[in-house]
Amino acid sequence: MQLYNTLSAEERAELIDQAGKQRLTLSFYAYAKIEDPKKFRDNLFVAWNALDALGRIYVAHEGINAQMSVPADNFEAFRETLEVYDFMKGIRLNVAVEQDDHSFLKLTIKVRDKIVADGLNDETFDVTNKGVHLAAKDFNKILEDPNTIVVDFRNHYESEIGHFKGAITPDVETFRESLPIINEQLKDFKEDKNLVMYCTGGIRCEKASAYFKHQGFKNVFQLEGGIIQYAKQIKEEGLESKFIGKNFVFDNRLGERITDDIVSQCHQCGKPCDNHTNCANDGCHLLFIQCDECKAAMENCCSTECLEVTHLPLAEQVKLRSGKQVGNKVFRKGKSEKLAFKHSGELSDQSLATAKKTILPKKIKKVILGKAEHYYVKAQVGLFLMENNELNVGDKILIAGPTTGNQELILEKMLVNDTEAITAKPGDKVTFAIPFRVRLSDKLYKILE
Ligand SMILES: [Zn+2]
Ligand SMILES: [Zn+2]
């Protein structure tokens, strides 16, 4: 039984492109009592691997915390794998606003002591005595109350590119650091102020709200489903967004735009910019904000030192790195005195610029139909087996394969199971004229735009 990834990230990216199927980026969490997290982990891996689901997931005795990418076609089947467990019946899946088929390229499920590193000793307080959950509309309302203190429970690099207006944004690198800091900072307001908290997907507030109630705060509220759910609700309900900028996310997208406001600066030149990147030097990987011009000039590096390192022969780079641990610092470091325009701690609510509608290099939207089974050289006719979707006369199609390359054409006429027809469905054998030779297993796609 395969319980671990067998493909590299590059191989996976290639496969996802070849399959041409839309994927959904989503996240969810649940607190529960899990007897055997290792067994739970293995069962999830087998079920999700079969559905081509990818992501980063933590499981512990106390529950599950998952960030994932799931093929849209398998979404319902994926949901069913959750329904098997009582504590995940009807669970809310936070589906991202902006989609990227490459948000995750591996399925990694790790067994941990806790699903969030909060540094709390759960035995010392009642974790079920949580704050009041607020949906977007009520959250907006409470933010207008002058008696409200709103606190961002994320890290400095997250709040830097986007936050709620007027929020306290602690200058911390980890969630566990922020709890005692806030407790101290707000100690005189425990009785009469509303303590309102938010985070990315809601999970960090689940226990933090109980902790602060235990610390004596009387009126504790939390944003239900976090910024991800808030963004969805303001869109659906046509509400004003009191969140400005981008929501930092922990997948390859590194951020999801909520409003057009750019509230941060390129860490190198100071130009308004909110695109995070990781330093291209494998011995550094610093997470920082870099504009396109600086990216080009610095070759995606955070400093001239790193730039020089990347120009060394690989063997020498490896030697420089030996003994230094960087893997886990990708999100944590985020700070370096080389970055002149890095801001943390108190942040301004001022919009520095308006984001241009990003015109992505036009990626062809396509859906896979099937594969080539034969090519009749003399007649110049290809035979394809339909496996997915539907093919119609008049469709723009793409035939792709390692030898064939990418060949586009308009389908003018076809035979479906040896009879002329205008529509073909999965299971049908389709033949049509093709002016070039196709190879066995070449893929057939329909182009959607
Ligand atoms: Zn710049
Ligand atoms: Zn660097």
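# Two zinc sites and two domains

Tutor: Let's start with the zinc ion (ligand 2), whose donors are spaced along the chain as C-x4-C-x17-C-x3-C. Bear in mind that this is a predicted model, where local features need pLDDT of at least 70, side-chain atom pairs count only at pLDDT 80 or more, and totals for chains, interfaces and linings use all residues. Residues are numbered from 1 along each chain as its sequence is written, chains are lettered from A and ligands numbered from 1 in the order in which they are written, and side-chain values use heavy atoms, without hydrogens and water.

Student: How do you know which atoms coordinate the zinc ion (ligand 2)?

Tutor: A donor is an N, O or S atom within 2.8 Å of the metal (3.2 Å for Na, K and Ca); water is not among the atoms, so sites may look incomplete. The SG atoms of Cys279, Cys284, Cys302 and Cys306 sit at 2.3 to 2.4 Å from this zinc ion, so they count as donors.

Student: What makes the site of the zinc ion (ligand 2) tetrahedral?

Tutor: Four donors earn that word if all angles lie between 85 and 135 degrees (square planar for four and octahedral for six need opposite donors over 155 degrees apart and all others between 65 and 115; anything else is irregular). Here the angles are 106 to 116 degrees, and the site is tetrahedral.

Student: Why is the arrangement around the zinc ion (ligand 1) called tetrahedral?

Tutor: Its four donor atoms subtend angles of 103 to 114 degrees, so the name applies there too. Those donors are the SG atoms of Cys266, Cys269, Cys291 and Cys294, at 2.3 Å, and their spacing is C-x2-C-x21-C-x2-C.

Student: Why is Cys302 called buried?

Tutor: Buried means under 20% relative accessible area, exposed over 50%, and partly exposed in between (1.4 Å probe, protein chains only). Cys302 has 7%, so the word fits; Cys306, at 8%, is buried as well.

Student: What makes the meeting of Lys89 and Asp86 a salt bridge?

Tutor: The term asks for a side-chain nitrogen of Lys or Arg within 4 Å of a carboxyl oxygen of Asp or Glu. Lys89 and Asp86 have an N to O distance of 3.9 Å, which qualifies. Lys89 is partly exposed at 48%, while Asp86 is exposed at 65%. Asp138 and Lys141 also pair at 3.9 Å, and the whole structure holds 28 salt bridges.

Student: How many salt bridges are there between domain 1 and domain 2?

Tutor: The count is zero. The domain assignment (bounds come from an automatic or database assignment) gives 9-111 for domain 1 and 366-447 for domain 2. Each gives six residues to the contact, that is, heavy atoms within 4.5 Å.
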